[in-house]
Structure formats: structure tokens, C-alpha cells
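Reader: I would like a close look at one part of this model, the place where two consecutive helices meet, and then an account of how other parts of the chain compare in kind. Please go through it step by step.

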Amino acid sequence: MLADHSIAAALRRTAAGLFAIAIAIALAAPAAAVPRPSAAPNSTEAMLKWINAYRGKPEPDGLPVLVHTLSDMQAFKDAESSGAYIGFIAGVLGANPDRAAELIAKMLPIAPADHWVLVRAIAYSGLPNWKELLATFVDRMPTRRAMIDRYLDGKLPTLDQIAYRIEKPGMMDKIKYVLTFGTDHGPEKAIAIEPSPELIDLLWGYYLATGAFWPVGHIIKLLPLANDKENVENLTTGSAAKFTLASNAVRDLRLLALLKWAVKGEPKDVAVVLNDVIETAETVDTVRMRKESLAAIEELKQKGPNSKRELTGWGQVGQGALSMGCVVAAATGQIELGIPCVVGGAAYSAGLQYMSH
């Protein structure tokens with residue numbers, strides 16, 4: 001079992017009460033009748049039913065009502081658990097370019113502390129005029145002016161700036177870093193959204209709003225991380241991408257068809273994992289996938305990255321210019337260059353909670 005129960009329990013504690021989890025899990029539920037958008041949903045269940053059914057019968061007029069209700073319920077107080085909501089709002093805006101300004105104006109009467117959700121949704125909408133929209137509404141969101149300015153200046157990434165594969169330094173890079181006493185940081189890091197379970201939630205939210213392949217395609221590109229043996233955060237994200245695609249495709253047959261179509265054009269490292277996703281969905285064997293993913297994460301946390309395990313032979317280098325302690329520190333991320341082998345509970349955000357059910 002490899003501590004399956006203990007990890008699952010930890011994940012449940014971390015993500016308890018997160019509405020974003022329920023939104024994405026709603027993909028696996030049958031579509032229900034869409035409530036009238038003129039009336040606020042009177043329960044979390046009603047909101048989830050409306051969101052899940054939306055892509056089959058889009059009713060953008062219901063979006064402001066939904067956002068007002070979520071704000072009243074303080075659903076946006078935790079950025080880590082708001083990804084699915086942000087993705088859904090961004091998707092509705094992106095699918096309604098002619099009405100985007102109108103919808104934003106109607107969503108604005110929410111708590112000022114929650115305006116960050118609208119700022120991010122506009123930036124993630126994919127609309128060609130998203131910067132103009134932010135500039136138009138900046139005076140009505142004064143508490144988020146600094147955030148808006150950073151998006152307008154290109155200092156915050158949008159959804160077309162995702163770092164699908166985090167480039168990890170090789171051994172020689174680590175040695176060079178040590179020998180230069182940490183002064184050689186290499187080229188400046190590009191502005192990008194790093195892979196995370198929160199990103200997966202966001203992309204599923206966009207899919208719920210549109211039913212489009214575009215967000216699914218982004219999730220597919222994260223699949224190679226499911227084989228990462230160096231970084232717990234990467235492995236967690238890749239496992240969440242893999243599991244959510246499989247579990248959602250079990251009930252969403254259109255999604256399954258999209259995955260079968262997509263696998264033909266993917267590179268080998270993606271296609272291998274995606275074929276496993278497709279087979280798991282077709283055979284409804286998600287329990288096996290969940291257990292394997294949790295076991296892999298637990299093993300990496302306990303044993304550390306492969307690169308660290310392979311350092312045993314470096315004792316022969318000696319204590320001259322290259323210190324064994326520095327090499328180990330670099331390999332385990334202690335000098336901000338290597339691979340962290342253990343992450344805190346906060347890393348297990350909403351995306352991975354799928355795996356504990």
C-alpha cells in the first residue's frame with residue numbers, strides 16, 4: 001500500500017472545504033438541469049450543477065450572479081483553492097468577446113478584496129483586448145491597481161506562458177554554481193506559470209466553461225511530469241494531470257474522444273502517459289492509477305530524488321575545490337539550485353485532492 005492511507009488523509013486535511021475540488025469533480029457527474037440565471041443558486045450543489053451543465057447550454061447572464069454568490073460565501077479568500085473558479089470565469093469571458101465588458105461590469109459589485117479574481121480571470125481569458133479591459137476597469141478596482149499594472153507591464157504571466165517542463169540543472173551546472181560561490185545564476189528566468197495542481201484546477205474550470213480542447217491540451221502537456229523522479233512538486237502535478245484526465249474521461253465521453261484524437265499527434269513521452277490515461281478511462285481502472293500515483297509520490301518523498309541517490313560515488317572527489325557537502329546541498333535544493341525532495345502540505349492544493357477519492 002506504501003502509506004496510501006496516510007497520504008490520502010494528509011491530502012484531505014489540506015484541501016478540506018475547498019469548493020474548487022467539488023467543481024472539478026463535477027465533471028464526473030451527469031449534467032443536470034441548469035437553474036435560471038436570474039436567481040442566485042441557493043446551495044453549493046446548485047452552483048456546481050449549473051457550472052457542470054454550462055458547457056452544454058451556455059448562459060453567460062448567469063455568471064455575475066454566480067460570482068456574487070461565491071464572493072458572499074467567501075469562496076475567493078484562498079488563492080490556492082480558487083483556480084477552478086478563475087478558470088471558469090476566464091472561459092466564459094473568452095467565449096463571449098462581444099459581451100466581456102458588460103459581464104465584467106456586472107461582476108464588479110463584490111467585496112473589493114475579491115477583485116483579484118476578476119483581474120486574473122480577465123488576464124487569463126485569452127481575449128485579444130484583455131489589456132484594454134484591465135485598463136478600462138482599473139479605476140473601479142483601485143485596491144488591485146498594482147496587480148493590474150504588473151499584468152499590463154508583462155511582469156505577471158498569462159495562460160499562454162506556461163512552463164510545461166521546468167528545466168533542472170545537470171550535475172556540471174551544480175558544480176559550476178558551487179565553484180563560483182553561487183554568483184553565476186545563468187540566464188534570467190522567463191516569466192511563466194509553473195506547473196501546479198492549482199494550474200490544473202484553473203484549466204479544468206476553463207474547460208467547464210467552454211468544452212474546448214484548448215485547456216485539455218494544456219493539461220496533456222503536463223503529463224510527462226508524472227514520470228519525474230527528481231521533484232515532488234512536479235510528480236504531484238503530473239500525477240494530478242494524469243488522474244484527473246482519466247477520471248473525468250470515464251464519464252465525459254466527448255473528453256475521451258478528444259484524448260484519443262490528441263494522442264496521435266503527441267511526442268512519445270506524452271503519448272505513453274496519455275495512452276495509459278485513455279486505457280484507464282476505458283477500463284474504469286482509476287483506483288489502480290490513484291494508488292500507483294500516491295505510492296510514487298510517497299517513495300520520492302522518503303528516498304529523495306534519483307540524482308541524490310546517485311551521488312554516493314562522489315566521495316572520491318575529495319575535499320579540495322569541490323566539497324561533498326556543497327554537492328549534496330546543491331542536489332537537494334539547499335542553495336536554490338537543486339531539486340527539493342520534500343515539500344510542505346501547502347503544495348498539495350485542490351488538484352491532487354482528486355486522488356484521495
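Author: In this predicted model, the axes of helix H15 (residues 268-283) and helix H16 (residues 286-303) come within 8 Å and cross at roughly 140 degrees. Because angles over 145 degrees count as roughly antiparallel and 65 to 115 as roughly perpendicular, the crossing makes H15 oblique to H16. On the side of H15, the residues that meet the partner helix are Asp 276, Val 277 and Thr 280, and on the side of H16 they are Thr 286, Arg 288 and Met 289. By character, the residues of this contact divide into 2 nonpolar, 2 polar and 2 charged.

The loop between H15 and H16 holds Val 284, whose phi is near 50 degrees, a positive value in a residue other than glycine. Most residues other than glycine have a negative phi. With a relative accessibility of 53%, Val 284 counts as exposed, because the cut-off for that class is over 50%.

A second loop can be read in the same terms. Gln 74 lies in the loop between H4 and H5, and its phi, near 60 degrees, is again a positive value in a residue other than glycine. The relative accessibility of Gln 74 is 51%, and so this residue also counts as exposed.

Another helix pair, formed by helix H12 (residues 213-221) and helix H14 (residues 253-263), packs at an angle of about 60 degrees, with the axes 11 Å apart. That angle makes H12 oblique to H14, and H12 passes H14 in a right-handed crossing. From H12, the residues Phe 213, Val 216 and Ile 220 meet Leu 255, Leu 258, Leu 259, Trp 261 and Ala 262 of H14. The residues of this contact divide into 8 nonpolar, no polar and no charged, whereas the contact of H15 with H16 has 2 nonpolar, 2 polar and 2 charged.

After H12 the chain enters the loop that leads to helix H13 (232-251), and Lys 229 is found in that loop. Lys 229 is partly exposed, with a relative accessible area of 39%. In sequence Lys 229 and Gly 304 are 75 residues apart, yet in space they are 8.5 Å apart, C-alpha to C-alpha.

Helix H6 (residues 100-107) gives a view of burial along a helix, since Ala 100, Leu 103, Ile 104 and Met 107 are buried there. Seen down the axis of H6, these buried residues fall within an arc of 100 degrees, so they line one face of the helix. The general geometry of an α-helix fits such a pattern, because with 3.6 residues a turn, residues three or four places apart point the same way. Among the elements that cover the buried residues of H6 are helix H4 (63-72), helix H5 (83-95), helix H7 (115-124) and helix H8 (130-137).

For the chain as a whole, the protein contains 19 helices and 0 strands. Buried residues make up 51% of its 357 residues. Of the contacts in the protein chain with a separation of 6 or more, 73% are accounted for by residues 24 or more positions apart.

Key. Residues are numbered from 1 along each chain as its sequence is written. This is a predicted model: local features need pLDDT of at least 70, side-chain atom pairs count only at pLDDT 80 or more; totals for chains, interfaces and linings use all residues. Side-chain values use heavy atoms; hydrogens and water are left out. Axes are lines fitted to C-alpha atoms, for helices over the stretch in contact, and angles run from 0 to 180 degrees between N-to-C directions. Helices (H or I, at least four residues) and strands (E, at least two) are DSSP runs, numbered from the N terminus. Angles under 35 degrees count as roughly parallel, over 145 as roughly antiparallel, 65 to 115 as roughly perpendicular and the rest as oblique. A crossing is left-handed if the near helix is turned anticlockwise from the far one by less than a right angle, and right-handed if clockwise. Contact means heavy atoms within 4.5 Å. Ala, Val, Leu, Ile, Met, Phe, Trp, Tyr, Cys and Pro count as nonpolar, Asp, Glu, Lys and Arg as charged, and the others, Gly among them, as polar. Buried means under 20% relative accessible area, exposed over 50%, partly exposed in between (1.4 Å probe, protein chains only). The arc is that of the directions from the helix axis to the C-beta atoms.
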